[in-house]
Amino acid sequence: MESKSESSEWGSGVWAHLTTVRQRSPLVQCITNFVSMDLVANTLLSAGASPAMVHSVVEIPDFTPHIHALCVNVGTLTPDWLPSMKSAAELASKLGKPWVLDPAAVSCSGFRLKSCLELVELKPTVIKGNGSEIIALSSASPGQTRGADSSHESTDAIEAAKSLAFSSGAIVAVSGAVDIVTDGKRVIGVHNGTKMMQKITATGCSLAGLIAAFLAVDQLQPLEATVSAMSVFGIAGELGEAMSKGPASLRMHLIDSLYGLDETMVLSRVNITRLG
Ligand SMILES: Nc1ncnc2c1ncn2[C@@H]1O[C@H](COP(=O)(O)OP(=O)(O)OP(=O)(O)O)[C@@H](O)[C@H]1O
Ligand SMILES: Cc1ncsc1CCO
Ligand SMILES: [Mg+2]
């Protein structure tokens with residue numbers, strides 16, 4: 001069980017990260033799937049960040065040097081998109097800019113799995129997936145696929161996440177009922193969020209974008225920044241659900257709640273524990 005003091009200790013950091021994102025408005029380049037572009041951009045805007053969905057390979061040399069963080073999501077990957085993703089990731093890593101890889105639906109095909117493994121070689125700061133995605137990527141084998149949805153609990157993926165963090169050098173974040181964040185040694189559980197968030201497509205993609213924004217303002221503590229982003233997004237979901245009739249209105253209220261979060265709401269709802 002979570003101890004009150006444990007969450008309180010995390011709470012001030014979560015609020016500080018959100019406040020800094022609002023103050024600095026980091027520019028986040030997103031090369032993301034067609035399904036998610038709208039929600040990812042609106043999530044970033046309501047958190048105070050500045051999204052840019054710039055994905056053409058010809059624009060990357062001009063644009064990527066100006067960004068504060070990058071998010072790459074392979075959810076609707078085709079062979080002609082991969083060079084853009086690799087080029088932006090490579091440049092971000094070279095310039096010391098944090099970047100997030102979301103291996104969305106990695107088990108769909110051998111092509112997608114191979115592409116994600118190649119992207120991992122380009123040193124993402126954070127890899128964020130659902131339980132099934134992290135298990136598949138960690139073992140480099142597709143297993144059974146349910147497309148973009150997970151057939152595992154996030155907690156089933158703890159060992160896979162630790163192993164992937166260890167082999168890649170990335171922080172690994174697993175979304176689900178409990179969001180898991182690990183650097184291969186420490187394992188943190190974020191218990192915020194609501195089940196209905198699974199019924200809105202691209203909430204996981206939006207979370208990956210939000211993590212990129214939080215990394216941009218705390219490059220030296222990527223694990224802590226990731227935990228904060230996950231908690232903030234979950235809290236916005238909890239507050240949003242109280243005003244919603246179902247997934248469509250939750251989508252709207254989630255964005256409004258993220259925009260309106262204040263210190264009291266954050267500090268009273270942060271629910272973060274150390275799991276290992
Ligand atoms: N059972 C649950 N209880 C609480 N929060 C949840 C639950 N399931 C998912 N969430 C939250 O929903 C958000 C999206 O997580 P999810 O694991 O569904 O992403 P995903 O599978 O990558 O989604 P997508 O691919 O559609 O973007 C996260 O903020 C997560 O914490
Ligand atoms: C539904 C769907 N299919 C490919 S990507 C995506 C959005 C959630 O990842
Ligand atoms: Mg996903």
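Is Ser-25 buried, exposed or partly exposed? At 31% relative accessibility, Ser-25 is partly exposed. The model described here is predicted.

## Backbone outliers

Ser-25 is not a glycine, yet its phi is positive, at about 45 degrees. The residue sits in the loop between helix 1 (4-24) and strand 1. Its 31% relative accessibility falls between the 20% limit for buried and the 50% limit for exposed, so Ser-25 counts as partly exposed.

Ala-105 is another non-glycine residue with a positive phi, near 55 degrees. Its place is the loop between strand 4 (99-102) and helix 5 (110-121). Ala-105 has 5% relative accessibility and therefore counts as buried.

## Ligand 1

Where does ligand 1 sit? The space that ligand 1 takes is the largest pocket. There are 18 residues around ligand 1. The nearest of them are Asn-130, Ser-175, Asp-179, Gly-204 and Cys-205. Helix 8 gives the largest share of this shell, with four residues. Strand 5 (126-130) and helix 8 (203-217) each supply at least two residues of the shell.

Polar atoms of the protein approach oxygen atoms of ligand 1 at several points. From a side chain, a polar atom of Lys-128 lies 3.1 Å from a ligand 1 oxygen. From the backbone, a polar atom of Ala-202 is 3.1 Å from an oxygen atom of ligand 1. A backbone N or O atom of Cys-205 lies 2.9 Å from an oxygen of ligand 1. On its own, ligand 1 exposes 630 Å², and the protein buries 91% of that area.

## Ligand 2

Which residues surround ligand 2? They are Asn-33, Val-35, Gly-75, Ala-148, Thr-201 and Cys-205. Taken alone, ligand 2 has 280 Å² of accessible area, of which the protein covers 71%.

Ligand 2 sits in the largest pocket. The space taken by ligand 1 is that largest pocket too. Cys-205 appears in both settings: it is among the residues that come nearest to ligand 1, and it is one of those around ligand 2.

## The aromatic pair

The count of aromatic pairs comes to one. Its partners are Phe-34 and Trp-81. The ring centres are 5.3 Å apart, and the planes meet at 80 degrees. An angle over 60 degrees counts as edge-to-face, so this pair is edge-to-face.

What does the pair tie together? Phe-34 lies in the loop between strand 1 (27-31) and helix 2 (37-47). Trp-81 lies in the loop between strand 3 (69-73) and helix 4 (82-94). The pair therefore ties together parts that are 47 residues apart in sequence. Trp-81 has a relative accessible area of 12%, so it is buried.

## A buried asparagine

Asn-192 is in the loop between strand 8 (187-190) and helix 8. Is it buried or exposed? Asn-192 has a relative accessible area of 3%, so it is buried.

The side chain of Asn-192 has polar partners. One is the side chain of Ser-231, in a polar contact at 2.9 Å. Another is the backbone oxygen of Arg-269, which the Asn-192 side chain reaches at 2.7 Å.

## Glycines of helix 1

Gly-11 lies in helix 1. With a relative accessible area of 1%, Gly-11 is buried. How far apart are the C-alpha atoms of Gly-11 and Ser-228? They are separated by 8.4 Å, while the two residues are 217 residues apart along the chain.

Gly-13 is also found in helix 1. Gly-13 has 27% relative accessibility and counts as partly exposed. Its C-alpha atom is 17 Å from that of Arg-186, a residue 173 positions away along the chain.

## An exposed loop residue

Gln-144 has its place in the loop between helix 6 (131-139) and helix 7 (158-168). Its relative accessibility is 75%, over the 50% limit, so Gln-144 counts as exposed. From C-alpha to C-alpha, Gln-144 and Gly-169 are 26 Å apart in space. Along the sequence they are 25 residues apart.

Terms used: Residues are numbered from 1 along each chain as its sequence is written. Chains are lettered from A and ligands numbered from 1 in the order in which they are written. This is a predicted model: local features need pLDDT of at least 70, side-chain atom pairs count only at pLDDT 80 or more; totals for chains, interfaces and linings use all residues. Side-chain values use heavy atoms; hydrogens and water are left out. Rings of Phe, Tyr and Trp (its six-membered ring) pair if their centres lie within 6.5 Å; planes under 30 degrees apart count as stacked, over 60 as edge-to-face and the rest as tilted. Buried means under 20% relative accessible area, exposed over 50%, partly exposed in between (1.4 Å probe, protein chains only). A residue is near a molecule or strand if one of its heavy atoms lies within 4 Å of it. A polar contact is a pair of N or O atoms within 3.5 Å; within protein, one must be able to donate a hydrogen and the other to accept it, and residues adjacent in sequence count only if both atoms are side-chain atoms. Accessible areas come from the Shrake-Rupley method with a 1.4 Å probe; for residues, only the protein chains shown count as cover. On a 1 Å grid over the protein atoms alone, a cavity is a set of points where a 1.4 Å probe fits but cannot get out, and a pocket is an open set with protein on both sides within 12 Å along at least five of seven lines; lining residues have an atom within 4 Å of a point. A molecule sits in a cavity or pocket if more than half of its atoms lie within 2 Å of its grid points.
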